[in-house]
Amino acid sequence: MIRGSGDQNLVVLTLYIIGVSYTFNRMIESIDDKIKYTYKADAVNEQLTAQELKDQIGISFKLNSVYGLDDLKELQLTIENKSENLAVYVDWENCTLVVEHTKQSRRVIRISPSVTRDLAIPQTPSLITPKKTLTEKVTAEDVLELDATAGTYSAKKPLVSISGLKNGGPPQKKLYNDFMNRGKELEFSLQLVLRISDVRVGIAPGINIPPMYLINCPFTIKKLPWTYALPWNKKKK
């Protein structure tokens with residue numbers, strides 16, 4: 001009886017260990033391709049301070065705490081006009097998105113609820129009046145694809161193609177492996193172009209065009225460790 005009870009306990013213990021091991025392995029697999037995007041707000045605030053805009057403008061982005069490898073297809077941008085009497089214009093046609101490892105400069109498109117227009121048509125600047133805030137979703141032009149049936153464009157490709165690196169040449173494959181092994185972070189930036197004037201001046205083409213301010217909004221991308229999935233890891237780093 002004692003030996004039978006011991007054998008039964010051993011079977012239960014074995015099944016328990018197998019169950020825990022299976023759950024643990026699934027937990028590791030679930031975080032294996034999770035990444036984090038970080039907006040470098042301090043770098044932007046330094047630029048605003050240097051250009052004497054810190055008291056007039058605030059720039060922020062809404063990001064999820066974690067993404068799949070190629071999940072991010074657009075950015076949600078918020079620009080605040082803190083001034084009492086200045087008009088802030090976002091010059092979309094001169095904004096660009098730059099991915100550091102490709103050195104490619106890409107045209108930025110402001111995403112409307114349904115993008116039906118010809119993408120070749122220049123985008124109208126957005127006005128932010130004093131004490132107001134503008135929130136828009138933007139992406140790179142080459143991310144958009146046309147739905148021929150609906151006649152609208154939508155973001156279908158990743159803003160930064162990470163998985164695409166492993167199908168490239170040796171330098172791209174090495175960068176991919178270094179990133180996946182958490183030996184290297186990736187970087188990209190939104191080059192935001194603003195024009196600022198007195199409210200009464202306006203932005204008529206060719207007439208009294210307000211001065212241009214270039215604000216580089218940098219982001220870093222890092223691979224999360226499998227320990228991110230542990231329930232007691234509250235920091236989720």
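Start by selecting Arg182, which sits in the loop between helix H3 and strand S11 (186-198). The model on your screen is a predicted one. With a relative accessible area of 45%, Arg182 counts as partly exposed, because that class covers values between 20% and 50%. Now add Lys222 to the selection: Arg182 and Lys222 are 40 residues apart along the chain, yet their C-alpha atoms are separated by 7.1 Å.

**Back into helix H3**

Select Lys174 and Asp178 next, and show their side chains. They form a salt bridge, with the closest N and O atoms 2.9 Å apart. Both belong to helix H3 (residues 170-180), and because they are four residues apart there, about one helical turn separates them. How exposed is each partner? Lys174 is exposed, at 52% relative accessible area, while Asp178 is partly exposed, at 26%.

Stay with salt bridges and select Glu93, Arg107 and Glu141 together. These three are joined into one network by salt bridges that share partners. Across the whole structure, a search finds nine salt bridges.

**Two bridges that span the sequence**

Next, pick Glu74 and Lys137. Their salt bridge has its closest N and O atoms 3.6 Å apart. Which parts of the chain does this pair link? Glu74 is in the loop between strand S2 (57-62) and strand S3 (75-81), Lys137 is in strand S8 (residues 133-140), and the two are 63 residues apart. Glu74 is partly exposed, with a relative accessible area of 27%, and Lys137 is partly exposed too, at 37%.

Move on to Lys131 and Glu84. Here the side chains meet in a salt bridge of 3.5 Å, N to O. Lys131 lies in the loop between strand S7 (126-128) and S8, and Glu84 in the loop between S3 and strand S4 (86-90), so this pair ties together parts that are 47 residues apart in sequence. Glu84 counts as exposed, at 64% relative accessibility.

**Positive phi angles**

Keep Lys131 selected, and turn from its side chain to its backbone. Its phi is positive, at about 65 degrees, although Lys131 is not a glycine. What makes that worth a stop on the tour? Most residues other than glycine have a negative phi.

Now select Glu52 for another example. Its phi is near 60 degrees, again a positive value in a residue other than glycine. Where is Glu52? You will find Glu52 in the loop between helix H2 (41-50) and S2. Glu52 is exposed, with a relative accessible area of 68%, because the exposed class takes in values over 50%.

**Far in sequence, brought together in space**

From Glu52, step back into helix H2 and select Ala43, which lies in that helix. At 25% relative accessibility, Ala43 counts as partly exposed. Add Ile215 and draw a line between the two C-alpha atoms: they are 9.7 Å apart in space, with their positions 172 residues apart in sequence.

You can do the same with Glu100 and Ser189. Glu100 is in the loop between strand S5 (96-99) and strand S6 (104-111), and Glu100 is partly exposed, at 30% relative accessibility. How far apart are the C-alpha atoms of Glu100 and Ser189? They are separated by 7.9 Å, although the two residues are 89 apart along the chain.

**The largest pocket**

To visit the largest pocket, select Gln104, Arg106, Leu159, Val160 and Ser161. Of the 14 residues that line this pocket, these are the closest to its centre. The pocket has a volume of about 200 Å³. What kinds of residues make up its lining? By class, there are six nonpolar, five polar and three charged residues.

**Last stop: a nonpolar patch**

Finish by selecting Leu10, Leu13, Tyr16 and Ile17, and switch to a surface view. Together they make a nonpolar surface patch of about 440 Å². One of them, Leu13, is found in helix H1 (residues 2-31). Is Leu13 buried or partly exposed? Leu13 is partly exposed, with a relative accessible area of 46%.

Key
Residues are numbered from 1 along each chain as its sequence is written. This is a predicted model: local features need pLDDT of at least 70, side-chain atom pairs count only at pLDDT 80 or more; totals for chains, interfaces and linings use all residues. Side-chain values use heavy atoms; hydrogens and water are left out. Patches are made of residues with over 30% relative accessible area and no salt bridge: like charges are joined within 9 Å, nonpolar side chains (Val, Leu, Ile, Met, Phe, Trp, Tyr) within 5 Å. Accessible areas come from the Shrake-Rupley method with a 1.4 Å probe; for residues, only the protein chains shown count as cover. A salt bridge is a side-chain nitrogen of Lys or Arg within 4 Å of a carboxyl oxygen of Asp or Glu. Buried means under 20% relative accessible area, exposed over 50%, partly exposed in between (1.4 Å probe, protein chains only). On a 1 Å grid over the protein atoms alone, a cavity is a set of points where a 1.4 Å probe fits but cannot get out, and a pocket is an open set with protein on both sides within 12 Å along at least five of seven lines; lining residues have an atom within 4 Å of a point. Grid points are joined across faces, edges and corners, and a volume is the space filled by probe spheres set on the points. Ala, Val, Leu, Ile, Met, Phe, Trp, Tyr, Cys and Pro count as nonpolar, Asp, Glu, Lys and Arg as charged, and the others, Gly among them, as polar.
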